[in-house]
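Student: I am new to this structure and would like a close look at one part of it. Please start from a single residue and work outward to what surrounds it.

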Amino acid sequence: MRFTIRIDGAVAHITMHGEIDYDTLPTLRAAAAELPPEVAELVWDLHDARFMDVAGLHLLFEQPSPEGPARKTTVTNVAPQALRLLLLATEVNPALELAHLLPDTLPATLLDD
């Protein structure tokens with residue numbers, strides 16, 4: 001797995017290339033933690049993420065560290081396998097904020113099912 005980071009003003013885009021699993025989770029967390037403090041939004045681009053397991057859920061839904069800056073987290077370009085996992089996770093645990101994570105990626109009617 002590799003990733004690229006692009007920062008546009010206060011928005012950072014991290015694009016993953018490969019799998020998101022427990023082997024890659026520490027590297028991705030470190031990349032997010034090392035973003036400049038002025039980054040107010042983190043967008044995880046899953047376009048080239050071929051596979052995501054429960055480690056991806058931890059990455060996307062984890063609460064920010066109280067020591068770090070508050071950042072809005074969203075995802076974009078969610079592949080069908082990752083989307084299915086996200087939908088199943090929120091079905092099992094409705095407290096997960098999928099609508100906030102995917103604000104412009106899914107039609108609201110899909111989230112209501």
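**From Thr 74 to the core, helix H2 and the pocket**

Tutor: Thr 74 counts as buried because its relative accessibility is 6%, below the 20% cut-off. This value, like the others here, comes from a predicted model. Thr 74 belongs to strand S4, which runs over residues 72-76. Its side chain has a polar contact, at 3.3 Å, with the side chain of Glu 41. Glu 41 is in strand S3, which covers residues 41-52.

Just before S3 is the loop from H1, and Ala 40 is found in that loop. Ala 40 is partly exposed because its relative accessibility is 40%, a value between the limits of 20% and 50%. Leaving out residues up to four places away in sequence, Ala 40 touches Ala 10, Ala 70, Arg 71 and Lys 72. Gln 63 is 23 residues from Ala 40 in sequence, and their C-alpha atoms are 14 Å apart.

After S4, the chain enters a loop that leads to H3, and Asn 77 lies there. Asn 77 is not a glycine, yet it has a positive phi of about 55 degrees. Asn 77 counts as partly exposed because its relative accessibility is 39%. One residue in contact with Asn 77 is Leu 46. Neighbours within four places in sequence aside, Leu 46 is also in contact with Met 16, Ile 20, Leu 60, Val 75, Thr 76, Val 78 and Ala 82.

Leu 46 leads into the largest nonpolar core, a set of 30 residues in which Trp 44, Leu 46 and Leu 86 have the most contacts. Two or more residues of this core come from each of S2, H1, S3, H2, H3 and H4.

Of these elements, H2 can be followed further: six of its eight residues are buried. They are Ala 55, Gly 56, Leu 57, Leu 59, Leu 60 and Phe 61. The cover over them includes S2, H1, S3, S4, H3 and H4, so Thr 74's own strand appears again, as the buried Thr 74 lies in S4. At the start of H2, a side-chain oxygen of Asp 53 comes to within 2.9 Å of the backbone nitrogen of Ala 55.

Asp 53 also meets Leu 85, a residue of helix H3. With a relative accessible area of 19%, Leu 85 is buried because that value is under 20%. Sequence neighbours within four places aside, the contacts of Leu 85 are Met 52, Asp 53, Val 54 and Leu 57. Leu 85 and Ile 20 are 65 residues apart along the chain, with 12 Å between their C-alpha atoms.

Finally, there is open space to consider. The largest pocket holds about 650 Å³. It is lined by 22 residues, of which Glu 62, Gln 63, Pro 64, Arg 71 and Thr 73 are the closest to its centre. At least two residues of the lining come from each of H1, S3, H2, S4 and H4. S4 therefore has several roles in this picture: it holds the buried Thr 74, is among the elements covering H2, and supplies part of the pocket lining.

Terms used: Residues numbered from 1 in each chain as written. Predicted model: local features only at pLDDT ≥ 70, side-chain atom pairs only at ≥ 80, totals over all residues. Heavy atoms only, no water. Core = buried A, V, L, I, M, F, W, Y, C linked by side-chain atoms within 4.5 Å. Buried < 20%, exposed > 50% of the residue type's maximum accessible area, 1.4 Å probe, protein only. Helix = DSSP H or I, 4+ residues; strand = E, 2+ residues; numbered from the N terminus. Contact = heavy atoms within 4.5 Å. Polar contact = N/O pair within 3.5 Å; in protein donor to acceptor, adjacent residues only side chain to side chain. 1 Å grid on protein atoms, 1.4 Å probe; cavity = no way out; pocket = protein on both sides within 12 Å on 5 of 7 lines; lining within 4 Å. Points joined across faces, edges and corners; volume = space filled by probe spheres on them.
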